[in-house]
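The report below looks at one exposed position, and then at a sheet and the helices that pack on it.

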Amino acid sequence: MSGVIVHEWLEQFGGAEKVVDRFAAIFPDAPIHVLWNDAPGRFAPRRVHESPLARTGLRRHKAVAIPAMLSAWRRLGKTDAEWMLVSSHLFAHHARFATGGREMRKLVFCHSPARYIWEPDLDSRGDGFVQRVASRPLRTIDRKRAQEATEIAVVSEFVKERVERCWHRDARVIHPPVDVRMFSAAADTLTGQDAATLDELPSEYLFGASRFVTYKRLDLVIAAGAAAGLPVVLAGDGPMRKALEDQAASCGVRVVFVGRASDDLLRELYRRAVAYVFPAIEDFGIMPLEAMAAGTPVIANRVGGASETVLDGVTGFLVDDFNGAEVRSAVERVAQLDSSALTARAEAFDASVFDANIRAWVTPTRSNPV
């Protein structure tokens, strides 16, 4: 059976990109269609097909590009493929090819219906008067086109409920892949800037890592450090950097900003941390499982996808408040956890498990059902 892979757009980093990497490895002959490609070295150039939007300035202004996206996904040209496997977190599930009237299976792997359209209270990008008004017709179109999917898979029970509520569709859960082997591997001797970064770390610290944007709530990692009386190390970058620096200065917490970290450095940052702190209300959350694979306990939000992966009192703690006694108690108790339980939990979400589930879903006649 021949197929095609569809994804919103390609970035250098991101959990959705890790999913597409696995799709591409599982189905090495499937071409990849995206709106634009901002990671040109990720796949062989001839394998990736960009939309006409890639030749415009709209690729740098996603919010402004939304009306054009709606049209671009409906004009993907002709294909002889028998199925399309769609990685969607905005409108990629709207994708349509010309197939000469032949039926084509559309399998949508949904990271989430677009949060800033459907859940503006969770994503400040949609939390404004103009955005909320504009979202109304977008919801109507989005729900209608979601009905075209043959089947939908989602990253967590948290998103399954959202898909049922927003799109009125049922979905199966296939958890995203985690590179457990890489994050549980024996430590390598780091060199160069990575080694220098490790040398600058405090002896004990709480660790946070993500893009520095509002909804990732890295401010609460700093708040947890203040509550627990520990320094904080933050990996990543983004528009919230200055605000985070100002917060650290105002509350007297030492915060070490290490920028974007290589996989090897990230593994060591996890390993040396007292705990990885994950305050965001996320749809799934790959990084808490990376931390567990590295043997590091996780302190996560009780709401959201991380509550499905972090076993409270076994691989970490789930909390409601990152500002006071609750998170301080969690930090004090993480040393009591069994590190072997952390890695064992992560292994249940290994990339090999994901690969097997995707193969079974896409080509069920040649695999056991998911």
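P67 has a relative accessibility of 55% and therefore counts as exposed, a label given to residues over 50%, while buried means under 20% and partly exposed lies in between, with a 1.4 Å probe and protein chains only. The model is predicted, so that local features need pLDDT of at least 70 and side-chain atom pairs count only at pLDDT 80 or more, whereas totals for chains, interfaces and linings use all residues. Residues are numbered from 1 along each chain as its sequence is written, and side-chain values use heavy atoms, with hydrogens and water left out.

P67 belongs to helix 2 (residues 62–72); helices (H or I, at least four residues) and strands (E, at least two) are DSSP runs numbered from the N terminus.

An open sheet of 6 strands, paired in parallel, follows the order 10-9-8-11-12-13, where pairing requires that DSSP finds at least two bridges between two strands. Strand 10 (255–257) and strand 13 stand at the edges, each with a single partner strand, so one side of each lacks a neighbour in the sheet.

Two helices pack on strands of this sheet, with contact meaning heavy atoms within 4.5 Å and angles running from 0 to 180 degrees between N-to-C directions of axes fitted to C-alpha atoms, for helices over the stretch in contact.

| Helix | Strands touched | Angle |
|---|---|---|
| Helix 11 (residues 286–293) | strand 8, strand 11, strand 12 | about 175 degrees with strand 11 |
| Helix 12 | strand 8, strand 12, strand 13 | about 175 degrees to strand 13 |

In helix 12 (residues 325–333), the buried residues are V327, A330 and V331, whereas A325 and E332 are exposed on the other side.
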